[in-house]
Amino acid sequence: MNKSFETYQKRRLRSSYFSVVISIALVLFLVGLLGLIVLKTNSIAKHFKEQVAMTIFLKDNAKNSDVKILQAELKKADYTKNITYISKDEAAKKYSEDIGENFLEFLGENPLKNAIDISLKSEFVTPEKMAEIEKNLVIRSIVAEVIYDKPLIELLSKNINKLSFWILLFSALFTVIAVVLINSSIRLSVYSKRFTIKTMQMVGATKRFIRVPFIWRSVQLGVIGALVAIVGLVIFIVYVNKMIPEIELLTDFKILGVLFAGIIAIGILITWLSTFFATQRFLNLRTDELYY
């Protein structure tokens, strides 16, 4: 009978530990996900900004030598990430493919112009800087027109700053929620052993002697939960990196190291504090209060 009861207790204990580890892992995974977004906000913003292109349309009478000089100057410019020359014939062919018919047959001539597409570096994708670049380009004799999506640039500049603020605020709020959830799991685990705690105290064990095993066990569970969360994050990061390689999630080892170390530290800190205060509470209770 005693052996059967001991087996039952061990199963309950393992089940309790498993529940705590899973709870910690899920919470820390979400905290780590938010932390990753916060740490990579600049890279994500950079990726979207560098998708914006500025198009320079050239005059029909522009000489090839002048066009090559302009291309060389653009390549050396501080704001240029890369440039692409698109001839009027290439543009017409692409446009015909897009609309599904050859529009040149109706018009009899090609109304399009030779153009140069410029991909700008992210730090130059602001309304002010792009307006200045446009001003410097349109004064050239071979340039007919410079166009880019001005409303989109203004929208990006405003929303990226707002998004960064809300991500930080939401991350702080979720961290508090994470602490509460992990604390609740730890308290339930300690609550199930409240009679053991009081029995040890009644036979003369000091508070520190009683607390240490509980804290050590909880810290171990916190570390295991953090490692499970890290494994989940690694799988998620590898998947996202394959889908959007431009964000370069796997190349910045420093940020990943800080993130993973932070997850482990949070797991240890929260479980240590939660167990300390939970055991302290039951150590201070009278025996008759353990039943409530």
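This short talk goes through the sheet of this structure, the helix that lies across the sheet, and a nonpolar patch on the surface. Please keep in mind throughout that what we are looking at is a predicted model.

Let me begin with the sheet, which is open and is formed by four strands in the order 2-3-1-4, with antiparallel pairing. Strand 2, covering 80-86, and strand 4, covering 143-147, stand at the edges with a single partner strand each, so one side of each has no neighbour in the sheet. On average, and ignoring direction, neighbouring strands here are turned by 20° against each other.

Turning to strand 3, residues 115-120, we find that five bridges join it to strand 1, residues 53-58, the two running antiparallel, and within that pairing phenylalanine 57 has alanine 115 as its bridge partner. Strand 3 is also joined to strand 2, again antiparallel, by six bridges, and there isoleucine 83 stands opposite isoleucine 118 of strand 3. As for how covered this strand is, five of the six residues of strand 3 are buried.

Next comes helix 3, residues 64-76, which lies across strand 1, strand 2, strand 3 and strand 4, and whose direction makes an angle of about 160° with strand 2.

Finally, moving to the surface, which residues make the nonpolar patch of about 370 Å²? They are Phe170, Leu173, Ile177 and Leu181. Leucine 181 belongs to helix 7, which spans residues 150-191, and with a relative accessible area of 45% leucine 181 counts as partly exposed, because that class takes in values between the 20% limit for buried and the 50% limit for exposed.

Definitions and conventions
Residues are numbered from 1 along each chain as its sequence is written. This is a predicted model: local features need pLDDT of at least 70, side-chain atom pairs count only at pLDDT 80 or more; totals for chains, interfaces and linings use all residues. Side-chain values use heavy atoms; hydrogens and water are left out. Two strands pair if DSSP finds at least two bridges between them. Axes are lines fitted to C-alpha atoms, for helices over the stretch in contact, and angles run from 0 to 180 degrees between N-to-C directions. Contact means heavy atoms within 4.5 Å. Patches are made of residues with over 30% relative accessible area and no salt bridge: like charges are joined within 9 Å, nonpolar side chains (Val, Leu, Ile, Met, Phe, Trp, Tyr) within 5 Å. Accessible areas come from the Shrake-Rupley method with a 1.4 Å probe; for residues, only the protein chains shown count as cover. A salt bridge is a side-chain nitrogen of Lys or Arg within 4 Å of a carboxyl oxygen of Asp or Glu. Buried means under 20% relative accessible area, exposed over 50%, partly exposed in between (1.4 Å probe, protein chains only).
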